[in-house]
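User: I'd like to go through a few labels and see what backs each of them up. Can you take me through the reasoning?

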Amino acid sequence: MAELESLETAAEHERILREIESTDTACIGPTLRSVYDGEEHGRFMEKLEARIRNHDREIEKMCNFHYQGFVDSITELLKVRGEAQKLKNQVTDTNRKLQNEGKELIIAMEELKQCRLQQRNISATVDKLMLCLPVLEMYSKLREQMKSKRHYPALKTLEHLEHTYLPQVSHYRFCKIMVDNIPKLREEIKEVSMSDLKDFLESIRKHSDKIGETAMKQAQQQRNLDNIVSQHPRISGGKKSKKEVCASSDLEVKTTSPMSEQDSGILDVEDEDEDEEVPGAQDLVDFSPVYRCLHIYSVLGARETFENYYRKQRRKQARLVLQPPSNMHETLDGYRKYFNQIVGFFVVEDHILHTTQGLVNRAYIDELWEMALSKTIAALRTHSSYCSDPSLVLDLKNLIVLFADTLQGYGFPVNQLFDMLLEIQDQYSETLLKKWTGVFRNILDSDNYSPIPVTNEEMYKKIVGQFPFQDAELEKQPFPKKFPFSEFVPKVYNQIKEFIYACLKFSEDLHLSSTEVDDMIRKSTNLLLTRTLSNCLQNVIKRKNVGLTELVQIIINTTHLEKSCKFLEEFITNITNVLPETVHTTKLYGTTTFKDARHAAEEEIYTNLNQKIDQFLQLADYDWMAMEPGSKASDYLVDLIGFLRSTFAVFTHLPGDVDVHSTMSGKVAQTACMSACKHLSTSLMQLLLEAEVRQLTLGALQQFNLDVEECER
């Protein structure tokens, strides 16, 4: 048992020794600990020492075996040490030389290092600047555009700057400043463009007059050109000037009307040739502020705000334009300026409508036009009512027609204006009637109420050319000779024709049919005859100082004027091309007018004769108590009969057409004689039957009978 234990102990110690020999020194602690944990560490120490001795013996054997080689190695090593020392010295010397030589290289390398660093920094800086330069260039471009007031390009530049360039360099401080300034720049562009728009609105408000004047000139030129084309459809040569056109048209209707000097109105305000081009609204007005502002507000998302502002301001301007000056009715220039401003306003709006998308629309334009039309018509009705000059009314009509044609050319409905012109036409007729009242009065007051004497053929033809008179007997008579009527007959006849011309002038360019023009002329002419001329004739007939000779001449004159009515009918038919047989054609009432005047003159003759008889009878001084009659008729009665004899001689010595005038004067004389005799007999009877005559003698009755017999003779 003990032997077994000793064998196990020996085996364990052997294992530990092998483990010590093969184990790393750092890990030998646990092995030794196991030795000291056992009880046989003394024996282990013995084993350990025995093993050490074995290893020493082996080392010694090995050293003895290799000793000669060791010595040789030491010898060689000593030799190598000398060589190594030499080599060391050479290396040290070489190193010293290398160090000395390398100092410049090191300095150069340091410099190269710094250059490379600077190069790298410069390259990085250039790269960064290449990113920043476009931003700075765009910002500089933005400032330049704003300085030159190119706001829309500036806004586009701002958009590129904000969305394209600044995001690439957003970490730089100056870029952050730019980003912060962008809203301010937008607001600045917005304010400046709005300021430009306000300047534009103020400018077109001031220059609407010029714009409208230009537009109306264009319409006038177009109308003149249309007239030339319509009158000369096959013309192939050059153009005529406006003056030539007017001259050629004047050949057709050549008059000496009181209207003829001033009947052109607006048509002749300019003397420019047709070839001269009148600039359009787009040539007179720079619309770019509107377009710029519209684009800017559209880009900024505030287009609706801009549209509302523009329309609101233009409505205000429209109200100002449509407010007529208080003295507009005094001159044609007042009306012309008023129309020019209205036309200028709507020409601008029409241009805006067709050159912008939605800034103004057709509904907005129509609304403004309806307002303008109502206010314009109301103003014209008010102011035209103050006008008493037919020339001014005619010029106003021409101006209104041109105004309507101009706006119609831009697509505005103008039917209400032409309807209003029909109202002004009635006023025009009234002013004409007032004017012709003065004309007729002057003619009648200046007439000598004597037959017109002619001493040669030229004078005769002149009178016949002025008045439609034909008398074969008078033509056969030698010169000098006399027409049966006085000067007021051809003068009145010509003035009636001039009145018809004046009425016709107003109907031009009113788009009326021939029947409507004919009806208008005939109605106005009837008013002239039945009211104006009739009143003038009645006033002349009723004058206190008119004599029997004048009254007889008036009867003769009215008879000839009555016969001329058929020629007036033909005259109207020729200028209107409407036959008198046409249904609804108004007839002239001239025959009635002149008949009434003639009857009034006859009555005035009878009345004047009776008044003269009464004056003579007032001289009667009968002595109702006389015992003996006188030897002759009373002196007053003799004078009365002498007056009547000389008076009736006027009727029997009337010149002219024997068949007509002797019959007419004979009838008037017969009637006057009967009236005078009847009145004389009645008055003589009244003398006998007066209440003051209470008694009379036979001698007084015989004297009275003598006077009656004188009357019978």
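Analyst: Sure. Contact here means heavy atoms within 4.5 Å. Keep in mind that this is a predicted model.

User: OK, what makes a residue a contact of Asn340, and which ones are in contact with Asn340 beyond its neighbours within four places in sequence?

Analyst: The test is heavy atoms within 4.5 Å. Leaving those neighbours aside, Ser208, Asp209, Gly212, Glu213 and Met216 are in contact with Asn340. Take Asp209: its C-alpha is 4.8 Å from that of Asn340, with their positions 131 residues apart in sequence.

User: Why is Asn340 called buried?

Analyst: Buried means under 20% relative accessible area. Asn340 has 5%, so it's buried. Its place is in helix H10, residues 332-355.

User: And how do you know whether Leu77 is buried or exposed?

Analyst: Exposed means over 50%. Leu77 has 54% relative accessibility, so it counts as exposed. Leu77 sits in helix H3 (residues 41-147), and it helps make a nonpolar surface patch of about 610 Å² with Tyr67, Phe70, Ile74, Leu78 and Val80.

User: What makes H12 largely enclosed?

Analyst: 17 of its 20 residues are buried, so the rest of the structure largely encloses H12. Helix H12 covers residues 390-409 and reaches 28 Å from first C-alpha to last, close to the 28 Å expected at 1.5 Å a residue.

User: What caps the N-terminal end of H12?

Analyst: Asp389 does: one of its side-chain oxygens is 3.1 Å from the backbone nitrogen of Ser391, and the cut-off for a polar contact is 3.5 Å. Just after H12, Gly411 takes a positive phi of about 95°.

Note on methods:
Residues are numbered from 1 along each chain as its sequence is written. This is a predicted model: local features need pLDDT of at least 70, side-chain atom pairs count only at pLDDT 80 or more; totals for chains, interfaces and linings use all residues. Side-chain values use heavy atoms; hydrogens and water are left out. Helices (H or I, at least four residues) and strands (E, at least two) are DSSP runs, numbered from the N terminus. Buried means under 20% relative accessible area, exposed over 50%, partly exposed in between (1.4 Å probe, protein chains only). Patches are made of residues with over 30% relative accessible area and no salt bridge: like charges are joined within 9 Å, nonpolar side chains (Val, Leu, Ile, Met, Phe, Trp, Tyr) within 5 Å. Accessible areas come from the Shrake-Rupley method with a 1.4 Å probe; for residues, only the protein chains shown count as cover. A salt bridge is a side-chain nitrogen of Lys or Arg within 4 Å of a carboxyl oxygen of Asp or Glu. The expected span of a helix is 1.5 Å times one less than its number of residues. A polar contact is a pair of N or O atoms within 3.5 Å; within protein, one must be able to donate a hydrogen and the other to accept it, and residues adjacent in sequence count only if both atoms are side-chain atoms.
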